[in-house]
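Please look through the sequence and the model below before reading on. The paragraphs that follow go from one group of side chains to the next.

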Amino acid sequence: MHLSMVSPVYNEEDAIVEFVERATAVLARLGDTFEMILVNDCSTDATPALLQDLEKKHPQLRLISLSRNVGQQAATLLGLRQAAGDLVFLLDSDLQTPPEEMEKLFAAGMRDDDWDVVIGARQSRSERPLRSLASRGVTWIINRMAGSRLEDPASTFLLIKQAALRRACKNDVLAQNFSMLLSYMRLRFRQVPVERQANTRRTSSYSLLQLFEILLLAILRYSSGRKTLMFLLFFGCLSLGLGTLGTAYLILSGIIHQAPLPTNLLVFTTALAVAGLQFLLLGVIIYKIETLYRNLDFRQNLNCFHDD
């Protein structure tokens, strides 16, 4: 069996040598033959020089060097498109997920053939309460939109069959979150709990802003028109209703009690109402755009049909 491992790399001078040595040892135990595809996303530290030395030392290593930084998702997709293995591992190169955990995914895949993707659900996550709550909320929303039940749908630690990978690469034309794409495609998932090292040289946890970006991408790219509309209408109505009621209450209370209006609170409730209205308008616009896209896609497929 031929195995592939794909890893995007960006400024990992402190970890990349250890990562390659450990990953090489694991892949040599698992496969008859293997390849490691490392995508250097225009690193600015000593990583490029280290990768060139590693490429000379390890003939199984294939190095892809990008001339400009394109981001983790695009770099990941570029590497996956080059993977030729019967089974393909996707793994970050920062050692937060130990390379030895690939053995768990491989063992789960070898039990039977009833799967397309084995996904590693990260267990040891030390997060601040606010970020943990936001992460759980994003996970719930993504699962609802994708119709999946994954513990960690944004995990970047995967084992995927070549056939499923080819399908996914054809779909991910916008190079967005690859794991979310797999969930949206309704592939057969098998989940495996894996350890995540907390004490690493560099933390790569998603910030609250990045979690919001993931959620926004999920809404815009990986939901159907109806689901998108209902999701945005719900939050739009909720925000508009709370904001309007809050603003009205503050104004009426000030008039009745002949008291000055609380400026900060009034600004907040007004902004909440405006945000709700924007959600409603955004939902309608997105629904119209997705409807237009589906009509164009249908016409394209119709033009490709030939009567034998």
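K161 counts as buried, because its relative accessibility is 14% and the limit for buried is under 20%. The model shown here is a predicted one. What does K161 form with D113? The two make a salt bridge, and their closest N and O atoms are 2.8 Å apart. K161 lies in strand β6 (residues 158–161), while D113 lies in the loop between α4 (102–110) and β5 (117–122), so the pair ties together parts that are 48 residues apart in sequence. D113 itself counts as exposed, at 58% relative accessibility. This salt bridge therefore has a buried residue, K161, at one end and an exposed residue, D113, at the other.

K161 has a further partner. It lies over the face of W115, at 4.8 Å from the ring centre. D116 is found in the loop between α4 and β5. D116 is buried, with a relative accessible area of 13%. Which residues does D116 touch, not counting those up to four places away in sequence? They are L159, I160, K161, A164, L187 and R188. K161 is thus met again here, as one of the residues that D116 touches.

The next topic is charge pairing in general. Side chains of opposite charge can pair when their charged atoms come close. How many salt bridges does the structure hold? There are ten salt bridges in the structure. One of them joins E35 and R62, with the closest N and O atoms 3.1 Å apart. E35 belongs to strand β2 (residues 33–40) and R62 to strand β3 (residues 61–65), so this pair ties together parts that are 27 residues apart in sequence. Is E35 buried or exposed? At 8% relative accessibility, E35 counts as buried. R62 counts as partly exposed, at 34% relative accessibility.

Another salt bridge stays within a helix. The side chains of R22 and E18 meet at 2.8 Å, N to O. Both residues lie in helix α1 (residues 16–30), four residues apart, which is about one turn of the helix. E18 counts as partly exposed, at 33% relative accessibility. The pair also belongs to a network of salt bridges, in which E18, R22 and E100 are linked.

Aromatic side chains come next. A pair of aromatic rings is described by the distance of the centres and the angle of the planes. The structure holds one aromatic pair. F234 and F235 form this pair, with 5.2 Å from centre to centre and 85 degrees between the planes. Why is the pair called edge-to-face? The angle between the planes is 85 degrees, and planes over 60 degrees apart count as edge-to-face. F234 is exposed, with a relative accessible area of 53%, whereas F235 is partly exposed, with a relative accessible area of 30%.

The last stop is a group of nonpolar side chains. I251, L252, I255, I256 and L261 form a nonpolar patch on the surface. Together they have about 480 Å² of accessible area. One of these residues, L252, lies in helix α9 (residues 225–257). L252 is exposed, with a relative accessible area of 52%. This value places L252 in the exposed class because the class starts at over 50%.

Key. Residues numbered from 1 in each chain as written. Predicted model: local features only at pLDDT ≥ 70, side-chain atom pairs only at ≥ 80, totals over all residues. Heavy atoms only, no water. Patch = residues over 30% accessible without salt bridge, like charges linked within 9 Å, V, L, I, M, F, W, Y side chains within 5 Å. Areas by Shrake-Rupley, 256 points an atom, 1.4 Å probe, with all protein chains shown as cover. Salt bridge = Lys/Arg side-chain N within 4 Å of Asp/Glu carboxyl O. Helix = DSSP H or I, 4+ residues; strand = E, 2+ residues; numbered from the N terminus. Buried < 20%, exposed > 50% of the residue type's maximum accessible area, 1.4 Å probe, protein only. Phe/Tyr/Trp six-rings, centres within 6.5 Å; stacked < 30°, edge-to-face > 60°. Lys NZ or Arg CZ within 6 Å of the ring centre and 35° of its normal. Contact = heavy atoms within 4.5 Å.
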